[in-house]
Amino acid sequence: SDVFSPYVDVTLTSPFDLSGVAADAGAHSLTLAFVTASTGACEPGWGGQTPINAAAVMKPAARLRAAGVALHVSFGGAQGSDLARGCSSASSLEAAYASVLDRYHAVAADFDLEGAALTDRATLARLSRAAAELQAHTGRPLAVSLTLPVSPEGLSSAALEAVRSMLAAGVHLSTVNLLAMDYGPAIARGRMGATAITAMGAAHRQLSALGGELSRWSALGLTAMVGVNDVSGEIFTLADARTLVSFVAKKGLGLTSIWSLARDNPCPGSNSGADPTCSGVSEPPYAFSRVFGAHAKTGLLPRRAVDGN
């Protein structure tokens, strides 16, 4: 069965109403992002700043779990220093990962590789070994997803190398999650959904060539950046979301996500840039989550993710 697990940017200015936003959106799974290295060392932190055991994140996370929401934790991302670069050995890296996953009783570990972490062979090898050890040592089933940038041509050679590195280390990859956004050349309005489908098809062919379970559509995940993207001119609309979701349902993708839950709200005023707390398109709160299959409450006013002081 496919899982919709929207990313939640835990690093937003506090107080972030994590359990309130999640309850409003009606998602049964959430991906908490991003854990990076604090001060460049082998010490995990939310965005490298907020302590992993900060009550502002731990308490709502516990409330979510009590309400039956499955938690995924995402390590890496485009900003900050990757833990795999800060920890000098695979065993210290595995311990750092485990300390976060255990504390949040996470059912899945997501490794989001972008930028420098993707092209650093030593970092990649360490991450792969640590992920394999993590799966071997965890007393419960732990899904591992690898989140990678994609283009209409599919995965880059560096991204494919990351997949091969994980497989060679013995990691059981449940999902290769494609970041269908920020392609570089702007995509024409109304074509973001179709472009994501093209990218998925290309990546699926590449992964099929590797053989094994990754040749199944269910091993593929897709994350869309709702509304206005970082690349000027790229706008992922609700119509794009519908196009994408019908394809995803037909193929049976294992995972869908959005960046991010706090952005699934209209912006106040005339904000038109890529804002961390709103979409830049005039859709009602959680309209995108609803298309992706969440059971969002209707008629909600935007619950501001950050306080205005």
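Guide: In this predicted model, a residue counts as buried when its relative accessible area is under 20%, as exposed when the area is over 50%, and as partly exposed in between.

Visitor: Why is D182 called partly exposed?

Guide: The relative accessible area of D182 is 28%. Since buried requires a value under 20% and exposed a value over 50%, D182 falls between the two and is therefore partly exposed. D182 is placed in the loop between β9 (173-180) and α8.

Visitor: What makes the phi of D182 worth a remark?

Guide: The angle is near 45°, a positive value, and D182 is not a glycine. Y286 is also a residue other than glycine with a positive phi, here near 65°.

Visitor: Is Y286 buried or exposed, and how do you know?

Guide: Y286 has 0% relative accessibility. The limit for buried is under 20%, so Y286 counts as buried. Its place is in the loop between β13 and α10. S260 also lies in the loop between β13 and α10, and the peptide bond from W259 to S260 is cis, with omega near -10°.

Visitor: Which residues does the other cis peptide bond join, and what is its omega?

Guide: That bond joins A33 and F34, with omega of about -15°. F34 belongs to strand β3.

Visitor: How do you know whether T237 is buried or exposed?

Guide: T237 has a relative accessible area of 13%. This is set against the limit of under 20%, and T237 is therefore buried. The residue sits in the loop between β12 (235-236) and α9 (238-251). With neighbours within four places in sequence left aside, T237 contacts R189 and F288.

Visitor: Why is V226 called buried, and what does V226 touch?

Guide: The relative accessible area of V226 is 0%, and the cut-off is under 20%, so V226 is buried. Its place is the loop between β10 and β11 (227-228). Not counting residues up to four places away in sequence, V226 touches F236, I258, W259, R263, S279 and F288.

Visitor: What makes the length of α9 agree with that of a helix?

Guide: The 14 residues of α9, at 1.5 Å a residue, should span 20 Å, and the end C-alpha atoms are 20 Å apart, so the two values agree. Its buried residues are L238, D240, A241, L244, F247 and V248. Their cover includes α8 (192-210), β10 (220-225), β12, β13 (255-259) and α10 (287-291). Just after α9, G252 has a positive phi of about 75°.

Visitor: How do you know that the span of α4 also fits expectation?

Guide: Helix α4 (residues 90-103) has 14 residues, for which 1.5 Å a residue gives 20 Å; the end C-alpha atoms lie 20 Å apart, so the span agrees with what is expected. A90, L93, E94, A96, Y97, A98, V100 and L101 are buried in α4. Among the elements that cover them are β3 (29-37), β6 (70-76) and α6. H105, just after α4, takes a positive phi of about 50°.

Visitor: Why is α1 said to be largely enclosed?

Guide: Helix α1 (residues 18-25) has eight residues, and seven of them are buried, so the rest of the structure largely encloses this helix. The buried ones are L18, S19, G20, V21, A22, D24 and A25. Their cover includes β2 (7-9), β3, α2 (55-66) and α10.

Visitor: At what angle do the axes of α6 and α7 cross, and why is α6 called oblique to α7?

Guide: The axes of α6 (residues 121-137) and α7 (residues 157-168) come within 8 Å and cross at roughly 40°. Angles under 35 degrees count as roughly parallel, and 65 to 115 as roughly perpendicular; the crossing is in neither range, so α6 is oblique to α7. The crossing is right-handed. R121, L124, A125, L127, S128 and A131 of α6 meet E161, A162, S165 and M166 of α7. By class, this contact has six nonpolar, two polar and two charged residues.

Visitor: Which residues make the contact of α7 with α8?

Guide: The axes of α7 and α8 come within 11 Å and cross at roughly 35°, in a right-handed sense. L160, V163, R164 and L167 of α7 and Q206, L207 and L210 of α8 make the contact. These divide into five nonpolar, one polar and one charged.

Terms used:
Residues are numbered from 1 along each chain as its sequence is written. This is a predicted model: local features need pLDDT of at least 70, side-chain atom pairs count only at pLDDT 80 or more; totals for chains, interfaces and linings use all residues. Side-chain values use heavy atoms; hydrogens and water are left out. Axes are lines fitted to C-alpha atoms, for helices over the stretch in contact, and angles run from 0 to 180 degrees between N-to-C directions. Helices (H or I, at least four residues) and strands (E, at least two) are DSSP runs, numbered from the N terminus. Angles under 35 degrees count as roughly parallel, over 145 as roughly antiparallel, 65 to 115 as roughly perpendicular and the rest as oblique. A crossing is left-handed if the near helix is turned anticlockwise from the far one by less than a right angle, and right-handed if clockwise. Contact means heavy atoms within 4.5 Å. Ala, Val, Leu, Ile, Met, Phe, Trp, Tyr, Cys and Pro count as nonpolar, Asp, Glu, Lys and Arg as charged, and the others, Gly among them, as polar. Buried means under 20% relative accessible area, exposed over 50%, partly exposed in between (1.4 Å probe, protein chains only). The expected span of a helix is 1.5 Å times one less than its number of residues.
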